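Q: Could we go through this model together? I would like to begin with how the copies are arranged.
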There are 2 protein chains.
Amino acid sequence: MRSALCIVSGGMDSVTLAYDVRAVFRPDALHFMSFNYGQRHKKELDYATHHANKLGARLDLVDLSGLAYLLKGSALTDDSVEVPEGHYAEESMRATIVPNRNAMMLAIAYAAAVSLGAEVVAAGFHAGDHWVYPDCRPEFVDAFATMERLATESDIRLYTPWMNVQKSDIALRASELGVNLAESWSCYKGGDAHCGRCGTCVERIEAFQVAGITDPTAYEARA
Amino acid sequence: MRSALCIVSGGMDSVTLAYDVRAVFRPDALHFMSFNYGQRHKKELDYATHHANKLGARLDLVDLSGLAYLLKGSALTDDSVEVPEGHYAEESMRATIVPNRNAMMLAIAYAAAVSLGAEVVAAGFHAGDHWVYPDCRPEFVDAFATMERLATESDIRLYTPWMNVQKSDIALRASELGVNLAESWSCYKGGDAHCGRCGTCVERIEAFQVAGITDPTAYEARA
């Protein structure tokens with residue numbers, strides 16, 4: 001019984017990751033874990049659920065919204081902080097840091113993996129995030145895996161295939177796997193369509209452009 | 001403004017830790033963080049609250065009880081698993097392992113510490129736990145601190161003063177600091193008094209005996 005646990009937010013990276021894990025590991029059981037950490041909107045989570053159903057995966061939603069007071073000062077969780085517009089790789093994007101988010105999510109995912117007997121924990125961190133988010137860097141991922149080998153006395157593999165690729169490569173991989181990325185959500189705002197102006201929208205638009213793939217996303221505007 | 005965050009369960013180790021942190025770091029602001037991870041009873045938490053009030057600390061209770069399904073198979077959270085009796089350092093005590101508990105608690109504590117601007121995160125892990133719990137060992141603590149330096153780009157200190165001492169030394173330190181350990185709870189069961197027979201009760205009794213200190217605890221029976 002081969003089992004894998006994917007952290008799936010419903011964004012294009014993690015949605016593609018789920019299909020990649022299915023293709024690479026061919027697990028008998030696929031688990032999705034999604035997090036509510038008090039983000040402004042839940043649109044991503046609807047897409048996570050959609051793909052869990054499509055893949056026959058069990059989805060566990062971990063509610064950390066009670067911790068939102070801890071995350072004050074991040075534009076993702078605090079309504080008094082404005083969502084920055086412009087390019088992702090800019091100083092202003094530091095406002096979107098939720099402190100220690102990936103360590104929290106991964107630690108909970110590992111607890112579940114031990115309990116489920118999963119051999120793989122997969123996360124969609126990718127190279128384009130390195131500049132802004134320290135907990136998306138390879139050094140962090142390596143240190144985390146080392147820590148968990150000691151904490152759980154297990155050989156659970158931490159699978160982060162996007163670590164050394166660009167977002168355009170993820171768009172290409174999605175295309176290869178036949179994933180419909182219209183069924184994913186990136187925008188930091190929670191409108192009817194992607195705003196087209198916030199950091200992740202700009203990054204998403206760029207990813208399809210660089211990959212040379214038609215962008216299936218509906219945008220309100222383009223920056 | 002010097003600020004410290006202590007993980008306080010309400011057991012004798014973490015209660016003593018809080019007073020030790022106050023004495024050693026003399027913080028302007030002391031924060032307690034307690035966890036509800038679906039344990040069978042909440043007696044410890046009452047003592048954590050009691051000492052927070054006594055020390056003028058703010059206590060944040062983090063509710064992870066929604067994760068209890070993850071922790072199936074541990075006697076601490078699963079009613080279908082019997083709480084083992086006998087000496088703490090026995091194979092049977094493995095039934096009390098909650099997978100990855102310390103990594104989860106510490107990761108959340110670090111998120112809070114970043115947000116609060118705390119310089120110290122303190123945890124009461126101690127040497128007597130090493131045999132049974134991999135996430136109470138010095139190698140784990142070192143690896144965790146390394147991981148967090150990368151994840152948070154901070155120099156928050158992970159303070160675990162009981163790492164290389166025995167529980168009897170904690171009893172001695174409590175005595176030195178004038179901490180009344182009758183106001184703490186160890187027993188895995190949730191009776192009116194400590195049962196005196198489960199692993200932590202046996203360990204608690206032994207700690208006072210070895211320290212040569214009068215045990216202020218009321219026990220239902222002695223193993």
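Q: What rotation and shift superpose chain B on chain A?
A: In this predicted model, a rotation of 180° with 0.0 Å of shift along its axis brings chain B onto chain A, with an RMSD of 0.0 Å; the fit is by least squares on the C-alpha atoms of residues with pLDDT of at least 70 in both copies. The two copies are thus related as by a two-fold rotation axis.
Q: And which C-alpha of chain B is nearest the axis?
A: That of M104(B), 3.2 Å from the axis.
Q: How many residues does each chain give to the contact?
A: Chain B gives 34 residues and chain A gives 34 residues, where contact means C-beta atoms, placed from the backbone, within 7 Å.
Q: Which elements of chain B give two or more residues to that side?
A: They are β3 (58–63), α3 (101–116) and α4 (138–152) of chain B; helices are DSSP runs of H or I with at least four residues, strands are E runs of at least two, and both are numbered from the N terminus.
Q: Changing topic, what is the order of elements in chain A?
A: From the N terminus, chain A runs β-α-β-α-β-α-β-α-β-α-α, which comes to six helices and five strands.
Q: What share of the contacts in chain A with a separation of 6 or more comes from residues 24 or more positions apart?
A: Such residues account for 73% of those contacts.
Q: Any conventions to note?
A: Residues are numbered from 1 along each chain as its sequence is written, and chains are lettered from A, with ligands numbered from 1, in the order in which they are written. Local features need pLDDT of at least 70 and side-chain atom pairs count only at pLDDT 80 or more, while totals for chains, interfaces and linings use all residues.

Definitions and conventions: Two residues are in contact if their C-beta atoms, placed from the backbone, lie within 7 Å.
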